[in-house]
Structure formats: C-alpha cells, structure tokens
Amino acid sequence: MSEKILVTQSSMPPLNEYVDLIEDIWQSRRLTNMGKYHKEFQAELKKYLVTENIELFTNGHMALELSLQAMNFQNGRNEVITTPFTFASTTHAIIRNGLIPVFCDINFENYTIDVSKIEKLITDKTCAIMPVHVYGNVCNVEEIDRLAKKYELKIIYDAAHTFGVRYKGISTANFGDISIFSFHATKVFHTIEGGAACFRNEKIGKKLYNLKNFGINGPESVEDVGANAKLNEFCAVMGLCNLKHIDEEIAKRKIAYDRYIENLSDIEGLKLNKIPDEIQSNYAYFPVVFDEKVFGASRNEIFDRLAKNEIYVRKYFYPLTNSFECFHGIFDVSQTPTALYVSNRVLTLPIYSELDLNDVDRICKIILELKK
C-alpha cells in the first residue's frame, strides 16, 4: 500500500547545515533575546524580501496582533475591513486588539478581497483595511492603496501565503503600511515557528521591537504593555538554512503545480487557480473549487474518497471565520456570499517540493473517477 500523502510536508535543509550552526549556540548558550543568529537572519531576510524594515516574531499571529497594537488606533476609529476567507489568526488578531472586523466579500477570480465592495463598508469608525493574500494570490494592491489614501486609512496585509511572491517585480513585503508573514512549519518557507512584519515607518519598527519584548525599552524602562514574541536562536538558524534553499524549493513546487494543471485543466466543474503573468508565484497551495452540479460529485465526497486512499487534503478555508462558534450570532455569513460559496466547495490538494509526480497523477485519477 502507498504511504500516506499529506496536504503539505515541511521542507528541511541538509541536517549537517543545521547542526553546524546550532553547535555554536550550544557553546555560547545564547538561546534567545535577539542574539547573533536572530540578527543575521533578519539581515538576510531584508535582502531576500527586498525590504528596508523588518521585525521578527515567534509566529505570524503575534506579528499580526502586535502590528495592530502598534498602530494605536484612537478617536473612536475601531473598525477594520477584512475578509472571512482566511485563517482564524486574521480575525482573532483584530478582535484581541479590541477592534471590530467588518467583513468584505471576496472576488471569485483569485479569492482575495473584492475591492469593488470595500468603499461602501467604510465609515467614520474605519481605521484600517486588512486584506489577505490568499494561496499566494496577490490582492488588488493599487485599488486598496487608492482607497486607503482617499479615506486616510492604514493597510495591514496578511501576507502569510506570499513569502517570495512578487507582483510586477515587487516583493509583497513592500505593500501597505505593514505586511505580515508566517514562518510556520507548513509554509513554503519556515523557521519551525516564526513570523515577520515588514513596514514603512521606522517608528512603527521601534514600537514593534518593544511590544515583542514585554514593552521594555531599556534596563529600567517599560514603555508599553507588550507580549513575549521573540524569535529564538534555534528557529533563526532554521530560517537561515532554509533561506539558502528556498528558490530551489519553489522550483520543485512548480513542477508539481504544472502536473496538476496538465491533469485537471479544462475539466467541467473544476475551477483551478491559474497564475497571472504579472505574478512570480511561490506555488504555496493548489486549491480546486468543485461545482458539484457540473462535476457530479461534491467537495465532501471527493474529500472522503481521497481520505479512503490515505490522501489527506484540506478544506481551506472552511469554515469562514465569520461563522465560527465563538462568534455565534454576531456576524451574518450571508453578507459574504462568494466567500461562503467558495468555502463550501474548495479543497487544497497536496503540494510540496518532494511530492512525487506519480502521486500527483494518482490524486488526479481518483478525483476524475468521481466525475459523472
């Protein structure tokens, strides 16, 4: 029997590369608190992401939550326009800052925020827009920037899915006031756990540095009510090692992506995620939206059939964040119908650098056997 195929598999550097660096940590016993490798990793990320300002965090969620805190929204402006087609972290970061998420629908083309629907949601309480780059797809950054300037709003991008992605040659680290990345083990690029915030205003950077270290500004000075969100040295070393191989990893993912496209293109009832020419992708995910009326089998039927063959895909994103039990009775999912439609029909298929093309073919064969 074939081995289990999971939706993703963490990329790992050669063991000797990691061991060589952590041996130095063993000798120094400097394990955390923005040490030698934290600083080196930060510098290398600046180069790779082509960005001037970056702060590292223990995970992407704390980067997001503390970025919102650093903005220090006041004067009754407490609404953040975002989408429910995202991971829980995006919505939770807003609410945990005492802010109110205002949910905008997504577009059906690439599943990012529908910019044609943002303006009607803006009120005198709106302080920011938090769009999400989904599956490596980039939001309409030009229109979002235009609206933000018109209404004097901040933009915080949840860019967790777009490490290494470029739009018209520009790294996604450089859009908005802040762009947030996740370096979780399931991502294209990881540090086991980790995250980063890339930002324009250096004052925001100082604030972020304080907030991730309990608000401490000096040996006897605590300026802010902060958190403990420092990236440790072992994670920084994993980041340094993986960064050396990231372009190779993305190239391998593209091979799997191309094979899926070859097998599943032009199949009625399947909507694939096609990558526009202006996007340099990281091939982070391979989402497929199944129209059960046309294809003849539902998303859930396909999910179950693949699982019976020990192929474990993901309903990603499902459920929508505005339908979580913890928000019962607060939000109305009918206000985001496109997001609801996609959420009920999408599967992300396995994709990672070491995925065998024969396994890609087998996955596609099982899916197509269900077509009626």
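Colleague: Let's start with the lining of the largest cavity: how many of its residues are nonpolar, polar and charged?
Modeller: Bear in mind that this is a predicted model. The residues lining the largest cavity are Ala160, His161, Thr162, Phe163, Lys187, Val188, Phe189, Asn282, Ala284 and Tyr285. Lys counts as charged, while Ala, Val, Phe and Tyr count as nonpolar. By class, the lining therefore comes to six nonpolar, three polar and one charged residues.

Colleague: Thanks! What is the volume of that largest cavity?
Modeller: With a threshold of 30 Å³ or more, the structure holds one cavity. The volume of the largest cavity is about 40 Å³.

Colleague: On to the helices: are α3 and α6 parallel or oblique to each other?
Modeller: Helix α3 covers residues 60–71 and helix α6 covers residues 202–211, and their axes lie 9 Å apart. They pack at an angle of about 125°. Angles of 65 to 115 degrees count as roughly perpendicular and those over 145 as roughly antiparallel, with under 35 kept for roughly parallel. The angle of this pair fits none of these ranges, so α3 and α6 are oblique.

Colleague: Which residues of α6 does α3 meet, and what is the class make-up of that contact?
Modeller: α3 passes α6 in a right-handed crossing. From α3, the contact uses Leu66, Ser67, Gln69, Ala70 and Met71, and these meet Ile204, Lys207, Leu208 and Leu211 in α6. By class, the residues of this contact divide into six nonpolar, two polar and one charged.

Colleague: How about α9 and α11: which residues make the contact, and how do they divide by class?
Modeller: Helix α9 (residues 299–308) and helix α11 (residues 357–369) have axes that come within 10 Å and cross at roughly 135°. α9 and α11 are therefore oblique to each other, and the crossing is right-handed. Ile302, Arg305 and Leu306 of α9 make the contact with Ile363, Ile366 and Ile367 of α11. The division is five nonpolar, no polar and one charged.

Colleague: Helix α7 also packs with α11; is that pair roughly parallel or oblique?
Modeller: α7 spans residues 233–264, and its axis is 10 Å from that of α11. The packing angle is about 30°. Angles under 35 degrees count as roughly parallel. That makes the arrangement of α7 to α11 roughly parallel.

Colleague: And how do the residues of the contact of α7 with α11 divide by class?
Modeller: α7 passes α11 in a right-handed crossing. On the α7 side the contact has Ile255, Ala256, Arg259, Tyr260, Asn263 and Leu264, and on the α11 side Leu357, Val360, Asp361, Ile363, Cys364 and Leu368. These residues divide into nine nonpolar, one polar and two charged.

Colleague: Now the backbone: where is Phe317, and what is omega for the cis peptide bond that joins Tyr316 and Phe317?
Modeller: Phe317 is in the loop between β16 (311–312) and α10 (337–343). For the cis bond joining Tyr316 and Phe317, omega is about 20°.

Colleague: Which residue does a cis peptide bond join to Tyr318?
Modeller: The partner belongs to the loop between β16 and α10. Omega of the bond is about -5°. The residue joined to Tyr318 is Pro319.

Colleague: Finally, what is the phi of Met34?
Modeller: Met34 sits in the loop between α1 (15–28) and α2 (36–49). Although Met34 is not a glycine, its phi is positive, at about 55°.

Definitions and conventions:
Residues are numbered from 1 along each chain as its sequence is written. This is a predicted model: local features need pLDDT of at least 70, side-chain atom pairs count only at pLDDT 80 or more; totals for chains, interfaces and linings use all residues. Side-chain values use heavy atoms; hydrogens and water are left out. Axes are lines fitted to C-alpha atoms, for helices over the stretch in contact, and angles run from 0 to 180 degrees between N-to-C directions. Helices (H or I, at least four residues) and strands (E, at least two) are DSSP runs, numbered from the N terminus. A crossing is left-handed if the near helix is turned anticlockwise from the far one by less than a right angle, and right-handed if clockwise. Contact means heavy atoms within 4.5 Å. On a 1 Å grid over the protein atoms alone, a cavity is a set of points where a 1.4 Å probe fits but cannot get out, and a pocket is an open set with protein on both sides within 12 Å along at least five of seven lines; lining residues have an atom within 4 Å of a point. Grid points are joined across faces, edges and corners, and a volume is the space filled by probe spheres set on the points.
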